[in-house]
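Trainee: Could you give me a close look at one part of this model, the packing near the start of the chain? I would also like to see how the charged pairs are placed around it and beyond.

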Amino acid sequence: MTINSEKVLNFLKENYGKEFSKKEIADALNISLSAVIGSINPLEKNGYTKITRVETVVLEEATETRKAKTKEVKYHTLTEAGLSYDPVAVEAEKAAKKQAEKEAKKAAKEAAKAAKEAEDSQF
């Protein structure tokens with residue numbers, strides 16, 4: 001998890017139950033909007049945040065020759081799963097699992113080598 005992702009997650013935890021647009025989060029944390037987008041999207045994908053509402057904002061009014069320019073603003077809030085999410089613990093668990101897999105591969109390789117040596121010594 002990146003530093004900005006941790007900032008976004010911690011901000012949402014501190015403001016649990018409130019909803020924020022990505023722009024509001026970026027402004028509150030003094031980080032770029034793209035950093036917030038890159039942080040919110042994986043959190044949402046994993047069920048740690050959710051979109052609470054979508055608001056259409058008019059950027060330019062319609063004229064006789066042109067349609068109105070609008071954009072959707074999505075508001076996000078932290079879920080209960082997000083509130084209990086501990087990225088440090090998750091990363092430690094992943095590292096432990098990776099280490100266990102590495103040790104299991106090494107043990108299997110050594111066992112295969114020992115079996116081959118035993119087979120070769122019989123001849």
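Mentor: Happy to. Let me fix one term before anything else: a salt bridge here is a side-chain nitrogen of Lys or Arg within 4 Å of a carboxyl oxygen of Asp or Glu. Please also keep in mind that this is a predicted model.

With that cut-off in hand, take E55 and R53, whose closest N and O atoms are 2.5 Å apart and which therefore form a salt bridge. E55 is partly exposed, at 31% relative accessibility, and R53 is likewise classed as partly exposed, at 35%. The structure holds 5 salt bridges. Another one joins E60 to K69, with 3.9 Å between the closest N and O atoms. E60 has a relative accessible area of 33% and is partly exposed; K69 is partly exposed too, with 41%. Shared partners link some of these pairs further, tying E19, R53 and E55 into one network.

One salt bridge takes us straight to the part you asked about. K23 pairs with D27, and their closest N and O atoms are 3.0 Å apart. The two residues sit in helix α2, which covers residues 22-29, and they are 4 residues apart, about one turn of the helix.

Now to the packing itself, beginning with helix α1 (residues 3-14) and helix α3 (residues 33-45). Their axes come within 9 Å and cross at roughly 70°. Angles from 65 to 115 degrees count as roughly perpendicular, so α1 is roughly perpendicular to α3. The crossing of α1 past α3 is right-handed. On the α1 side the contact is made by N4, S5, V8, L9 and L12, and on the α3 side by A35, V36, S39, I40 and L43. Sorted by class, the residues of this contact are 7 nonpolar and 3 polar, with no charged ones.

Next, bring α2 back in and set it against α3. Here the axes are 9 Å apart and the packing angle is about 115°. This crossing is right-handed as well. K22, K23, I25 and A26 of α2 meet L33, V36, I37, I40 and N41 of α3. So K23, which we saw bridged to D27, is also a contact residue of α2 toward α3. By class this contact has 6 nonpolar, 1 polar and 2 charged residues. Look at V36 and I40 as you go: they are in the list facing α1, and they are in the list facing α2.

That leaves α1 with α2. Their axes are 11 Å apart and the helices pack at about 100°, so α1 and α2 are roughly perpendicular to each other. From α1 come K7, V8, F11 and L12, and from α2 come I25, A28 and L29. The contact divides into 6 nonpolar residues, no polar ones and 1 charged residue. V8 and L12 touch α2 here and were also part of the α1 contact with α3. I25 of α2 has a similar double role, meeting α1 and α3.

What happens in the loop between α2 and α3? I31 is placed in that loop, and its 13% relative accessibility makes it count as buried, because buried means under 20%. Leaving aside residues up to four places away in sequence, I31 touches N4, K7, V8, A26 and V36. Two of those names tie the loop back to the helices: V8 is a contact residue of α1 toward α3, and V36 is one of α3 toward α1. I31 and N4 are 27 residues apart in sequence, and their C-alpha atoms are 7.6 Å apart.

N30 is in that loop too. N30 is exposed, with a relative accessible area of 71%. Its backbone deserves a glance: phi is near 55°, a positive value in a residue other than glycine. Most residues other than glycine have a negative phi.

For a contrast with the I31 and N4 pair, go to helix α5 (residues 87-121), where K106 is placed. K106 is exposed, at 53% relative accessibility. K106 and L83 are 23 residues apart in sequence, and their C-alpha atoms are 38 Å apart.

Key
Residues are numbered from 1 along each chain as its sequence is written. This is a predicted model: local features need pLDDT of at least 70, side-chain atom pairs count only at pLDDT 80 or more; totals for chains, interfaces and linings use all residues. Side-chain values use heavy atoms; hydrogens and water are left out. Axes are lines fitted to C-alpha atoms, for helices over the stretch in contact, and angles run from 0 to 180 degrees between N-to-C directions. Angles under 35 degrees count as roughly parallel, over 145 as roughly antiparallel, 65 to 115 as roughly perpendicular and the rest as oblique. A crossing is left-handed if the near helix is turned anticlockwise from the far one by less than a right angle, and right-handed if clockwise. Contact means heavy atoms within 4.5 Å. Ala, Val, Leu, Ile, Met, Phe, Trp, Tyr, Cys and Pro count as nonpolar, Asp, Glu, Lys and Arg as charged, and the others, Gly among them, as polar. Buried means under 20% relative accessible area, exposed over 50%, partly exposed in between (1.4 Å probe, protein chains only).
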